[in-house]
Amino acid sequence: MSDPVLKVEKLKKYFPVTKGLLFMKTTGWVKAVDGVDFSINPGETMALVGESGCGKTTTAMMVLLLLKPSEGSIWFQGKDISRLRGPDVKEYRCSVQAISQDPFSSLDPRFRVGSIIAEPLVVNTSMSRAETKEKVRELLLQVGLKDRAAELYPHEFSGGQRQRIALARSLALNPKLVVLDEPVSALDVSIRAQMMNLLKDLQQRLGTSYLLIAHHLATVRYMSHRVAVMYLGRIVESAAGEDLFTHPLHPYTQALLSASLPSHPKIKREELVLPGEVPSPINLPSGCRFHPRCFKAQKLCSEKEPAFEENPRGHWVACHFAG
């Protein structure tokens with residue numbers, strides 16, 4: 001098996017909580033990401049899922065070098081990205097691209113689509129004007145748009161078309177990894193499937209890896225090879241996509257799946273309603289972080305933090321009473 005494209009080890013990101021104006025004093029820490037481990041293989045889609053505030057977007061921002069980790073390491077093709085300097089940083093940014101949730105805000109309305117897609121090529125390559133124009137045409141055709149789209153402005157396209165333009169720009173430099181931050185959540189339901197099929201088709205043709213950040217579980221199930229479920233800054237369960245959806249082991253994963261719409265109206269399943277709110281990442285519960293809301297919680301759960309362990313089927317879970 002080939003080495004992973006991306007490997008994250010013991011990754012942490014703490015934000016200080018300060019008090020005072022002139023003489024600010026740190027009174028605590030927001031533990032947004034608190035010890036995360038995962039890897040992404042070539043041509044694979046790895047999804048991070050969980051409620052808002054669980055740390056999945058913060059994790060993606062550290063992968064994109066938009067935030068500096070408090071602790072831990074991120075390895076890209078065998079290199080620790082924290083040690084990259086100068087030209088190596090530029091090369092990394094070319095190899096790791098991103099597609100944001102809102103396709104309109106990510107495209108500069110003052111420029112034509114051709115200029116938007118060509119910008120990475122102009123900045124990072126020595127292509128001639130004719131070569132750049134031809135590459136832009138190829139990219140537009142690759143994402144299902146006509147080459148005349150290069151002469152138009154972003155506001156002249158629908159939301160789905162703008163997301164295709166953003167995808168074309170992200171693929172301009174042949175990246176090894178693309179971070180997809182809620183790539184279809186802002187689109188109409190009728191065109192979500194088109195975008196997801198396009199992403200999967202391009203992955204098969206180009207061998208690109210995806211880090212998918214999402215909360216819509218149907219999207220995750222359709223696109224992902226592996227899924228990691230996050231809660232309060234930590235991964236509580238990780239498995240192959242279909243295995244996690246058919247045999248969830250952690251109570252939090254079970255509750256998430258019970259809250260999602262079934263694939264068919266006649267499918268009946270148990271409703272698991274979690275009591276209370278997500279605890280503050282400043283004052284984390286003792287023991288298992290999920291125990292104040294867990295329907296399986298026992299005394300042990302509040303006293304001892306569960307280890308993140310693998311079962312014989314390759315399914316990882318952090319729970320004293322998984323099953």
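**A walk from one buried tyrosine to two sheets**

Let's begin at Y231, which has 3% relative accessibility and therefore counts as buried (buried is under 20% relative accessible area, exposed over 50%, partly exposed in between, with a 1.4 Å probe and protein chains only). The model is predicted, so local features need pLDDT of at least 70 and side-chain atom pairs pLDDT 80 or more, while totals for chains, interfaces and linings use all residues. Residues are numbered from 1 along each chain as its sequence is written, and side-chain values use heavy atoms, without hydrogens and water.

Which residues share a ring cluster with Y231? Ring pairs join Y231 to Y252 and F290 in one cluster. The structure has 5 aromatic pairs in total (ring centres of Phe, Tyr or the six-membered ring of Trp within 6.5 Å; planes under 30 degrees apart are stacked, over 60 edge-to-face, the rest tilted). In one of them, Y231 and Y252 are tilted, with 4.7 Å between centres and 55 degrees between planes. This pair bridges distant parts of the chain, 21 residues apart: Y231 belongs to strand β9 (residues 226–231) and Y252 to helix α9 (residues 251–259). Here helices (H or I, at least four residues) and strands (E, at least two) are DSSP runs numbered from the N terminus. Y252 has a relative accessible area of 1%, so Y252 is buried as well.

Now turn to F290. Its ring centre lies 5.1 Å from that of Y231 and the planes meet at 85 degrees, so this pair is edge-to-face. F290 sits in the loop between α9 and α10 (299–303) while Y231 is in strand β9, so the pair ties together parts 59 residues apart in sequence. With 2% relative accessibility, F290 counts as buried.

From the cluster, follow β9 into its sheet. This is an open, mixed sheet of 8 strands, ordered β6-β7-β8-β3-β9-β10-β12-β11 (strands pair if DSSP finds at least two bridges between them). At its edges stand β6 (96–99) and β11 (309–310); each has a single partner strand, so one side of each has no neighbour in the sheet. Helix α9, the home of Y252, lies across β9 and β10 (234–240) at about 105 degrees to β9 (angles run from 0 to 180 degrees between N-to-C directions of lines fitted to C-alpha atoms, for helices over the stretch in contact).

Further along, β7 (residues 177–181) and β8 (residues 209–213) run parallel, with 5 bridges. There, L180 has L212 in β8 as its bridge partner. Helix α6 (residues 189–206) packs on this sheet, touching β3 (45–49), β7 and β8, and its direction makes about 155 degrees with that of β8.

L180 also leads inside: together with I117, L140, L167 and V220, L180 has the most contacts within the largest nonpolar core, which has 56 residues (a set of buried Ala, Val, Leu, Ile, Met, Phe, Trp, Tyr and Cys joined through side-chain atoms within 4.5 Å). Beyond neighbours within four places in sequence, L180 is in contact (heavy atoms within 4.5 Å) with residues including I99, L199, Y210 and M223. A separate core of 28 residues includes V5, V8, M62 and I213.

Finally, look at the other sheet. Its 4 strands form an open, antiparallel arrangement in the order β2-β1-β4-β5, with β2 (25–40) and β5 (79–80) at the edges, each pairing on one side only. Antiparallel strands β1 (residues 6–19) and β2 are joined by 12 bridges, and K13 has V33 in β2 as its bridge partner. Helix α1 (residues 56–63) packs on this sheet, touching β1, β2 and β4 (71–76), with its direction at about 110 degrees to that of β1.
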